[in-house]
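I opened the notebook on this chain to keep a record of what I looked up, entry by entry. The topics are helix packing, nonpolar cores, single residues and backbone geometry.

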Amino acid sequence: MMSSAQPPARKAVVVGAGPVGCLAAISLAKMGWAVEIYEGRPDMRLPSSKAAAQQRSINLAISSRGIAAIEAIHPSAAERFLKAVIPMHGRMIHHVGGRQESQPYDRDGQCINSIGRAFMNEDLLTEALAVPTVSAFFEHKVVSLDFDTGTMAVRSNTGNENREVHFDFCVGADGAYSIVRRQLMRVVRMDYQQEYIPHDYLELKMPTGPPVVPSGDSTFLLDSNHLHIWPRHTFMLIALPNKDKTFTCTLFAPTAEFDRLSTPETIIQFFKTHFPDALPLIGEQALLEDFKRNPRSSLMSIKARPYHYKDRVVIIGDAAHAMVPFYGQGLNCGLEDVRVLDIILRAEGVDPTAQVTKEDNRLLEALARYSDSRHADLVSISELAMDNYVEMRHSVVTPAYLIRHALDNILYSLTARAVTFSALIPSLSREPFPSKSPAGWLPLYTMVTFRPDISYSTARRKVAHQRRILEYAGWATAATGVSLAGLAALSVWRRLYNRE
């Protein structure tokens with residue numbers, strides 16, 4: 001008599017328990033894999049881990065791409081995150097003289113969202129471990145991997161000997177200094193580029209405002225529905241709101257500029273000169289304490305190719321494409337990696353219960369397809385993120401940027417129909433990027449941030465085409481005026497539309 005028992009699932013190991021690794025674990029488990037997560041740090045949910053988690057800098061700004069990825073993999077988590085975020089509808093530019101200028105992100109009121117890094121990571125980890133086929137090993141550092149034999153050497157923080165772990169498939173989501181990527185480079189001819197930019201960052205804290213009478217509730221010192229930017233040409237300060245009514249501020253500046261801020265006097269004078277409205281809000285003593293206590297960190301960009309080896313391993317998130325944070329897409333892109341990989345694995349018919357003797361050809365084809373199709377997008381967003389630093393710290397206050405921004409919005413209103421996020425969700429569970437030739441005039445920021453149906457590389461090609469049209473129309477000639485330039489660009493766009 002034949003047994004009807006389900007064949008045992010093969011094992012997938014996920015290295016790294018950050019948001020990307022946790023979402024990958026949920027994705028794999030839902031496909032039928034038995035999943036083990038390995039993380040070198042302690043369980044971040046423990047009280048003893050909270051202090052260390054506070055040292056991670058730069059708030060998370062989750063936007064449509066990241067939310068769409070979570071929605072596609074685990075809808076209930078996406079719904080919960082949206083209840084915990086603070087929406088930011090635009091940039092609030094702080095000029096040196098104190099004047100504030102709001103620049104909305106989108107004509108239809110779409111926004112990016114500030115969310116606590118620890119909250120998001122802990123919540124996704126809890127969701128992953130709620131799946132019966134997912135388990136996690138904290139304080140277990142991966143020492144080495146042999147992809148051909150499917151073995152991984154792991155050392156516990158409390159032990160002196162390595163433990164051997166067997167796996168059928170490995171997902172490296174272990175960040176910019178990835179051990180999985182380093183081991184992958186031993187077995188594939190990887191093109192690899194690592195670049196430190198000559199700028200550092202330091203996190204500062206802006207406290208809550210005075211309590212409201214008679215409730216006693218604390219308040220925000222700044223408008224809580226904006227991302228605040230103090231652009232100062234070669235450096236900038238930004239501030240993102242937190243649920244506790246504080247703001248997390250980050251100073252980005254050239255390394256040489258930071259080196260000059262070596263005494264309390266130079267720090268205070270620097271802020272009095274360049275951020276006179278921010279200094280009293282942060283507080284002089286608190287500012288000096290933050291400079292003394294918080295780490296000054298570097299900024300790095302990583303590009304790699306390919307992202308896989310045979311049917312054994314793939315790297316995602318910062319392990320594959322660390323980028324500077326100036327487009328707010330690092331987290332969103334990593335979560336999107338999981339969505340795209342999930343779709344490709346399912347499309348290729350990968351079956352974790354299928355017993356293979358040598359190679360899983362379906363899995364091999366899926367990983368090769370992921371490496372080939374994802375590379376152009378990851379290079380595009382990495383370079384766009386680098387470009388956006390110049391825009392944030394300088395261009396946002398220049399006449400040329402303001403004219404181009406106005407023209408973008410005019411042409412966007414005249415040619416493109418509004419697309420709601422909810423309308424995109426069903427197709428984003430089935431196809432990586434449904435809009436391969438998006439219609440109408442679309443601003444780059446809208447495509448990157450609010451249109452997860454458009455790939456990064458498609459957005460980059462489209463905006464390059466649109467900029468050529470603006471050049472043909474002579475948009476930069478101030479004498480024409482914004483409205484006339486817009487009409488000229490619209491005329492050119494209509495003539496060239498079929499070339500897109």
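The entries below follow that order, and I note at the outset that the model is a predicted one.

**Entry 1: helices α8 and α10**

I began with a pair of helices, since two packed helices are described by the angle between their axes and the distance between the axes. For α8, which spans residues 264-274, and α10, which spans residues 284-293, I found an angle of about 120 degrees and axes 10 Å apart. The two helices are therefore oblique to each other, and I recorded the crossing in which α8 passes α10 as right-handed.

I then listed the residues that meet there: α8 brings Pro264, Ile267, Ile268, Phe271 and Lys272, and α10 brings Glu284, Leu287, Leu288 and Phe291. Sorted by class, the contact of α8 with α10 has seven nonpolar residues, two charged ones and no polar ones.

**Entry 2: helices α3 and α4**

I turned next to α3 and to α4, the latter covering residues 75-84, and found that their axes come within 5 Å and cross at roughly 140 degrees. That angle makes α3 oblique to α4, and I kept in mind that only angles over 145 degrees would count as roughly antiparallel. On the α3 side the contact is made by Ile67, Ile70, Glu71 and Ile73, while α4 supplies Pro75, Ala77, Ala78, Phe81 and Leu82. The residues of this contact divide into eight nonpolar and one charged, with no polar residue.

**Entry 3: the nonpolar cores**

Which residues have the most contacts inside the largest nonpolar core? I found Met120 and Met152 in that place, within a core of 114 residues. The helix that gives the most to this core is α13, residues 361-393, with ten residues.

I followed Met152 further and, leaving aside neighbours within four places in sequence, found contacts with Val13, Val15, Tyr38, Val142, Ser144, Leu145, Arg163, Glu164, Val165 and Phe167. I also noted a second, separate core of 24 residues, which includes Met206, Leu222, Leu261 and Ile268. Ile268 had already appeared in my first entry, where it is among the α8 residues that meet α10.

**Entry 4: helix α15**

For α15, residues 421-428, I looked up the buried residues and found Leu424, Ile425, Ser427 and Leu428. These buried residues pack against α3, residues 64-73, and against α12, residues 330-347.

**Entry 5: three single residues**

Is Asn113 buried or exposed? Asn113, which is found in strand β7 (residues 112-115), has a relative accessibility of 6% and therefore counts as buried. Not counting residues up to four places away in sequence, Asn113 touches Leu60, Ala61, Ile62, Ile67, Val85, Ile86, Pro87 and Met88. Of these I recognised Ile67, one of the α3 residues in the contact with α4.

Ala118 has its place in helix α5, residues 117-129, and at 30% relative accessibility it counts as partly exposed. I checked the separation between Ala118 and Met44, which are 74 residues apart along the chain, and found 7.9 Å between their C-alpha atoms.

Pro42 lies in the loop between β2 (34-39) and α2 (47-53), and at 38% relative accessibility it counts as partly exposed. Beyond residues up to four places away in sequence, Pro42 touches Ser49, Phe138 and Glu139. I set Pro42 against Pro214, 172 residues apart in sequence, and found their C-alpha atoms 42 Å apart in space.

**Entry 6: backbone geometry**

I closed with the backbone, bearing in mind that most residues other than glycine have a negative phi, and most peptide bonds are trans. Where is a cis peptide bond found? One joins Arg305 and Pro306, with omega about 0 degrees, and Pro306 lies in the loop between β17 (297-305) and β18 (308-309).

I then noted His233, which is not a glycine and yet has a positive phi of about 70 degrees. This residue is found in the loop between β14 (226-231) and β15 (236-241), and at 46% relative accessibility His233 counts as partly exposed. Lys310, likewise not a glycine, has a positive phi of about 45 degrees. It is found in the loop between β18 and β19 (313-315), and with a relative accessibility of 34% Lys310 counts as partly exposed.

Conventions
Residues numbered from 1 in each chain as written. Predicted model: local features only at pLDDT ≥ 70, side-chain atom pairs only at ≥ 80, totals over all residues. Heavy atoms only, no water. Axes fitted to C-alpha atoms, helices over the stretch in contact; angles between N-to-C directions. Helix = DSSP H or I, 4+ residues; strand = E, 2+ residues; numbered from the N terminus. Parallel < 35°, antiparallel > 145°, perpendicular 65-115°, else oblique. Left-handed = near helix turned anticlockwise from the far one by under 90°. Contact = heavy atoms within 4.5 Å. Nonpolar A, V, L, I, M, F, W, Y, C, P; charged D, E, K, R; others polar. Core = buried A, V, L, I, M, F, W, Y, C linked by side-chain atoms within 4.5 Å. Buried < 20%, exposed > 50% of the residue type's maximum accessible area, 1.4 Å probe, protein only.
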